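Q: Please take a close look at one part of this structure, the way its helices pack against each other, and explain each term as you go.

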Amino acid sequence: MLVAGNWKMHGNRAGIAHLLEVLSTTCRDFDKVDIAVFPPSLFIQQTAEALNQSTIQFGAQNLSPHSEGAYTGEISAAMLKDFQCDWALVGHSERRQYYAETDEIVAEKFAGAQKAGVQPILCIGETQQQREAHQTMEVIGHQLTTVLDVVGIDAFLNGVIAYEPVWAIGTGLTASPEQAQEVHGFIRDQLTKKDADVAQSVRLLYGGSVKADNASGLFAMADIDGALVGGASLKAEQFTKICQQAQR
Ligand code: PEP
């Protein structure tokens with residue numbers, strides 16, 4: 001199991017120091033779950049120092065698809081590695097929606113992160129409109145295939161994919177465990193068609209308004225191997241309870 005907390009553009013030095021201090025204690029004994037936090041990039045150094053003695057891992061919410069050069073405001077995969085990032089989110093729906101990230105750009109970011117030794121978490125998911133038009137599997141299939149075509153199935157060995165229906169992110173609406181399982185099963189099947197061993201090694205996270213009171217139902221499903229948590233990851237008590245439920 002892996003529980004990842006995406007802090008998005010929230011926090012300040014004092015608040016992050018406090019959150020990390022509390023989580024380092026409350027999550028100390030969860031030895032069966034990997035836990036990772038994703039602060040805004042400015043706070044990665046602070047996070048690295050605060051988690052120095054902790055098993056909690058950390059990563060970046062985004063990275064440049066380019067390895068270096070004249071790309072004002074961007075941060076490369078090698079820079080993330082230099083600051084000991086274990087992980088990087090790629091293709092979060094907010095990046096796709098507000099920064100026009102295409103499947104092709106997402107694939108480049110995935111490949112760039114992996115090349116630098118930073119583990120990408122590929123985020124995919126359909127909009128409400130697409131779900132209502134019964135296009136969910138088509139959209140998910142396309143988002144996945146575009147990355148697979150660029151990086152190949154072997155790049156997913158021990159990889160992580162987060163299924164995050166856009167209509168469930170930050171809305172308080174959660175996919176039911178059955179709805180999430182249906183898509184997770186589909187993703188696993190798509191990967192199995194390429195390589196069954198790789199498919200079994202991939203952790204499939206669900207994301208979209210995961211809270212302490214709905215996590216256990218989701219975690220009980222066969223193909224749900226953890227969660228990507230937004231809002232609830234900013235509250236130490238909520239996040240700890242979610243991690244606790246993943247401890248199985
Ligand atoms: C997210 O940002 O990836 C997310 C799932 O957010 P929330 O938990 O707030 O819906």
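**Helix crossings**

A: The crossing of α1 and α11 is right-handed (the near helix is turned clockwise from the far one by less than a right angle, whereas an anticlockwise turn would be left-handed). The model is predicted, so local features need pLDDT of at least 70 and side-chain atom pairs count only at pLDDT 80 or more, while totals for chains, interfaces and linings use all residues. Residues are numbered from 1 along each chain as its sequence is written, and side-chain values use heavy atoms, leaving out hydrogens and water.

Helix α1 covers residues 13–26 and helix α11 covers residues 236–246 (helices are DSSP runs of H or I with at least four residues, numbered from the N terminus). Their axes come within 10 Å and cross at roughly 30° (axes are lines fitted to C-alpha atoms over the stretch in contact, with angles from 0 to 180 degrees between N-to-C directions), which makes α1 roughly parallel to α11 (under 35 degrees is roughly parallel, over 145 roughly antiparallel, 65 to 115 roughly perpendicular and the rest oblique). On α1 the contact is made by Leu-19, Val-22, Leu-23 and Thr-26, and on α11 by Ala-236, Phe-239 and Thr-240 (contact means heavy atoms within 4.5 Å). By class, this contact of α1 with α11 has 5 nonpolar, 2 polar and no charged residues (Ala, Val, Leu, Ile, Met, Phe, Trp, Tyr, Cys and Pro count as nonpolar, Asp, Glu, Lys and Arg as charged, and the others, Gly among them, as polar).

Helix α7, residues 136–151, meets helix α5, residues 103–116, with axes that come within 9 Å and cross at roughly 45°, and α5 and α7 are therefore oblique to each other. Their crossing is right-handed, and the contact includes Val-106, Ala-107 and Phe-110 of α5 together with Thr-146, Val-147 and Val-150 of α7. The residues of this contact of α5 with α7 divide into 7 nonpolar, 3 polar and 2 charged.

Helix α7 also meets helix α8, residues 177–194, where the axes come within 11 Å and cross at roughly 40°, so that α7 and α8 are oblique to each other. The crossing of α7 and α8 is right-handed; among the residues that meet there are Ile-140, Leu-144 and Leu-148 in α7, and Val-183, Phe-186 and Ile-187 in α8. The contact of α7 with α8 divides into 8 nonpolar, 3 polar and 2 charged residues.

Conventions: Helix = DSSP H or I, 4+ residues; strand = E, 2+ residues; numbered from the N terminus.
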